[in-house]
Amino acid sequence: RLNANTDRRHARRALDEGELNRLVASAWDSGVMFEGLNGVDRAMIYLLAMTTGLRASELASMTPNHFDLATDQPTATVREAYTKNHNEAEQPLPADVAEAFREYLLGRPAGAALWPGKWNERAAEMQRIDLEGAGIPYRDAEGEFADFHALRHSYISLLGRLGVSPKVTQTLARHSDIRLTMNVYSHARMHD
């Protein structure tokens, strides 16, 4: 097995809450089209990625049928055929995110892909457009990247900042090894 600490393609960073909000706002207000996705589509992709930890390929598989928004505990689900570990992933959604998706999904065909095409193969390039619009560097002074997978790092790091236990964080991250969750995906800063 590869050692995730020594065999990383990119040293990624976790975006803080302010940066995440600016990224979503930048996309939402953008007039740029990317692979058939408008700014609102991209904003919703980022919002779901940063609040569930879902990967780009998992998000690309989603349809309106993958959301259960009519409950007190709304969820987004990715079928096992599309997850990295080949297990179905049911992720809880914050109430405000569920509400945003209730509006976003209105009138969309239940079984049609929400975000069709091959955007997920160029997700980092897509995100760079909106990072630039938000004034967030793609690569920071420490040489760490804010590519699309950094949204997963951000999600896992925010769980820690919110006081979620390491075991629950590992479960939500869908990692088989707590060391991967804590040593690679969790980013702590001095002010945390």
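Q: Which residue forms a salt bridge with arginine 13 in which the closest N and O atoms are 3.2 Å apart?
A: This is a predicted model, in which local features need pLDDT of at least 70, side-chain atom pairs count only at pLDDT 80 or more, and totals for chains, interfaces and linings use all residues. Residues are numbered from 1 along each chain as its sequence is written, and side-chain values use heavy atoms, with hydrogens and water left out. A salt bridge requires a side-chain nitrogen of Lys or Arg within 4 Å of a carboxyl oxygen of Asp or Glu. With closest N and O atoms 3.2 Å apart, the partner of arginine 13 is glutamate 19.

Q: Is arginine 13 buried or exposed?
A: Buried means under 20% relative accessible area, exposed over 50%, and partly exposed in between (1.4 Å probe, protein chains only). Glutamate 19, at 11% relative accessibility, counts as buried. Arginine 13 has a relative accessibility of 6% and therefore counts as buried.

Q: Which residues are joined with Arg13 into one network by salt bridges that share partners?
A: Arginine 13 also forms a salt bridge with aspartate 140, with 3.8 Å between the closest N and O atoms. This pair links distant parts of the chain, 127 residues apart: arginine 13 lies in the segment before H1 and aspartate 140 in the loop between H5 and H6. Helices here are DSSP runs (H or I, at least four residues), numbered from the N terminus. The residues networked with Arg13 are Glu19 and Asp140.

Q: How many residues apart in sequence are the parts that arginine 12 and aspartate 147 tie together?
A: The side chains of arginine 12 and aspartate 147 meet in a salt bridge of 2.8 Å, N to O. Arginine 12 lies in the segment before helix H1 (17–29), and aspartate 147 in the loop between helix H5 (123–134) and helix H6 (150–161), so the parts tied together are apart in sequence by 135 residues.

Q: What is the relative accessibility of aspartate 147?
A: Its salt-bridge partner, arginine 12, counts as buried at 17% relative accessibility. Aspartate 147 also counts as buried, its relative accessibility being 5%.

Q: How many salt bridges does the structure hold?
A: Among them are the pairing of arginine 12 with aspartate 147 and that of arginine 13 with glutamate 19. In general, side chains of opposite charge can pair when their charged atoms come close. The number of salt bridges in the structure is ten.

Q: Leaving aside neighbours within four places in sequence, which residues is arginine 122 in contact with?
A: Arginine 122 is found in the loop between helix H4 (95–105) and H5, and counts as partly exposed at 33% relative accessibility. Contact means heavy atoms within 4.5 Å. Beyond those neighbours, arginine 122 is in contact with Phe34 and Glu35.

Definitions and conventions:
Helix = DSSP H or I, 4+ residues; strand = E, 2+ residues; numbered from the N terminus.
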